[in-house]
Amino acid sequence: MIWKIFLFLLLCFVSIAGISFPIVENPQAWYEFPLIKGLEQNAKIIFFHVPTSWITVVAFFMTAIYSFKYLRKKNLDDDAKSYAAAQLGIIFCILATVTGSVWAKFAWGSFWSWDPRQTSIFALLLIYGAWFALRSSIESEEKRATLSSVYAIIAFVTVPFFIFIMPRIMTGLHPGSADDTNAGPVVDFKMNANMQLIFFLSLIGFTILYFWMWRLGYKSIIYRDKLNKQIIRG
Amino acid sequence: MKSFALFKKDISSELRTRYAINALAMFIIVTLSIILFSIGNERISQSLTGGLFWVIIFFTSMSGLSRVFVSEEERGTSLTLQLIATPSTVFSGKLLFNLILVFAMNTVIAILYSALFEAFILRNFALFLVSFILGNIGLAFASTIIAAIISKAGAKGTLYPVLSFPILLPLILTSLQLTLFAMDGTSFETAKFELMIVVCYDVIILTVSYMLFDFIWKE
Amino acid sequence: MSEYSLTAELVNKTYGRRLIFSGINFKLNFSTIFGISGPNGSGKSTLVKIIANLISPSSGKLVHNLDGTEIKSEQLHNHIGLVSPYLVLYDEFTAYENLNYFSEIRGIPFNKRKIDNLLNKFLLFNRKDDLVKTYSSGMKQRLKFIFGLMHSPQLLILDEPTSNLDDEGKEVVYELVKEEGTKNIVVIASNEKTDLSLCNEIIDLNNYK
């Protein structure tokens, strides 16, 4: 219970700090953030956009891992874990896409411009959507688990193409893309210690939130299935 | 060879009934016509021409490549195949069929396309040829495994493009880039990285498909 | 002569939440005719599919042995012949073409003499070059028998073997079963008393719910 309270306080602090701390030229007080050229005022979204993108990728990774485990042992609990991860994954993916587009509007002028990272997050959204569509078209439990596990693994092997290769070869607008000479390693050099702290706290907070929700998710699926089976048998 | 025998069976079945060939031929003609009508007399840019080429290829693939598995499943002959062949034989045979189908289909599309779209000039033809071959191979590999998946699910027709698109996206984006390079006359040297990506894609998808097909095929 | 054996240990099958059967145990050695009986919907076809290695049991094991060594799942298909109502052949091809392709895909050379013998035995020789599309259901059933026998399997599984057959056809089947039953394992799943009367061991799926 205690750590749930701690998590709540942490996320509150991160949200408030992330939104309200001012960005000034020369930060003096502990609650002031430096001005990063190229990002300026919209830098604050980094506290929310990057963690949600991070979580959606972690969730996808977990969907793939539990898919792999399911195919080995055929234990439906692994399928439940995979499903819970994907549910959270798609939510965070939508959040990442939306926060990303909002940032894009302010930084680059339009909500969507097919920058490689934008394309990648969109592809991930399509993968999640396809995965859920596949699941809803299959009646039998085992077949549903098997086919969606296979698809998750196939989708998983295409993800490295998006994450690593495309941004390198295509010019992009994202900080850290092939041709971005200015806002390069934003996290390492341009942020001062305060910003880095809030950023990492946000990252940690969201990650803990995700794992907590995932555990709740898969346990409720498993219990619900057990109850259903008992009602029919008994 | 066993998978080659399965491939022969599929080819002669196709030649005899002509279901897929007719449907695909009509589909290609209809799609090209629609695009030509929508463009009208406008001159379209080089990059748009290249893009539309891959749009046509993608949708034609979606209309024809699922047949290998879906027809077996719908007629009930999947069971027959399970009784006479191992999963890898079945997958190899079906893959071979789809490879031939993809090459045939895309060659027709490429020829018609270059005849109908004046901006489709391939300055570095060798580059186009290589990327065409590699891209078609990747297209066949990915479409076949997804066809296997949807053949065992419901709502097969609509689900096929939904599942295939995210998987094919890296291939399509890279192949599109290579087509544009070929139209620009870029050298092989510059296009090396993109070519490597397509080769990696082909190899990875093939490996993963073989490993996963057993799980799909046997209930 | 090769010795084939089939052992089932505590085989269970459930579909979702429905229990089809549980606790099936048997051991079959060569030259056995084994019967599976039970009313419609009792799971006969399901058990047949498990024995034919088409689906897996939910729990328990089914082991196929040839001369004392276990046969791996990938190699089972050439040792098993299945005849069943839900078996479908390619109706755009002739009987002969179907059998030819099946041989090639199995990787077994097409033995023309043997196939012709089988076609004669099942009274289909005159129609061997006709498209299966034109066959009556009785003829299709007989062609399925040829499909099941052409590769000389050691395990012959017959699900409703006499369905769609006239008396003459049934006679051919009974003769065949008796002949196969002297050297191989024959499994018959049926409701017909006459079919089951050929068996030396019968299980009733009602007892395994």
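In this predicted model, a good place to begin is chain C, where Thr7(C) has Lys27(C) as its bridge partner in strand 2. That pair belongs to a wider match: strand 1 (residues 4-15) of chain C runs antiparallel to strand 2 of chain C, and eight bridges join the two. Strands of a sheet pair through backbone hydrogen bonds, in either a parallel or an antiparallel sense.

Stepping back, the open sheet of chain C is built from four strands in the order 2-1-4-5, with antiparallel pairing. Strand 2 (18-29) and strand 5 (69-70) of chain C sit at the edges and have a single partner strand each, so one side of each lacks a neighbour in the sheet. Helix 1 (residues 44-51) of chain C lies across strand 1, strand 2 and strand 4 (59-66), and makes an angle of about 130 degrees with strand 1 of chain C.

Chain B offers another picture, with nine helices and zero strands. Its radius of gyration is 18 Å, close to the 17 Å that the globule rule gives for 219 residues, so chain B is as compact as a globular protein of that length. Along the principal axes, the C-alpha atoms of chain B fill a box of roughly 55 × 35 × 30 Å. Within chain B, 47% of the 219 residues count as buried.

Chain B also meets chain A, in a contact that takes 25 residues from chain B and 24 residues from chain A. On the chain B side, helix 7 (125-151), helix 8 (156-184) and helix 9 (188-217) each supply at least two residues. The residues on that side comprise 21 nonpolar, one polar and three charged.

Note on methods. Residues numbered from 1 in each chain as written. Chains lettered and ligands numbered in written order. Predicted model: local features only at pLDDT ≥ 70, side-chain atom pairs only at ≥ 80, totals over all residues. Contact = placed C-beta atoms within 7 Å. Nonpolar A, V, L, I, M, F, W, Y, C, P; charged D, E, K, R; others polar. Pairing = 2+ DSSP bridges. Axes fitted to C-alpha atoms, helices over the stretch in contact; angles between N-to-C directions. Rg over C-alpha atoms; globule rule 2.2 N^0.38 Å. Buried ≥ 20, exposed ≤ 12 C-beta atoms within 10 Å, placed from the backbone.
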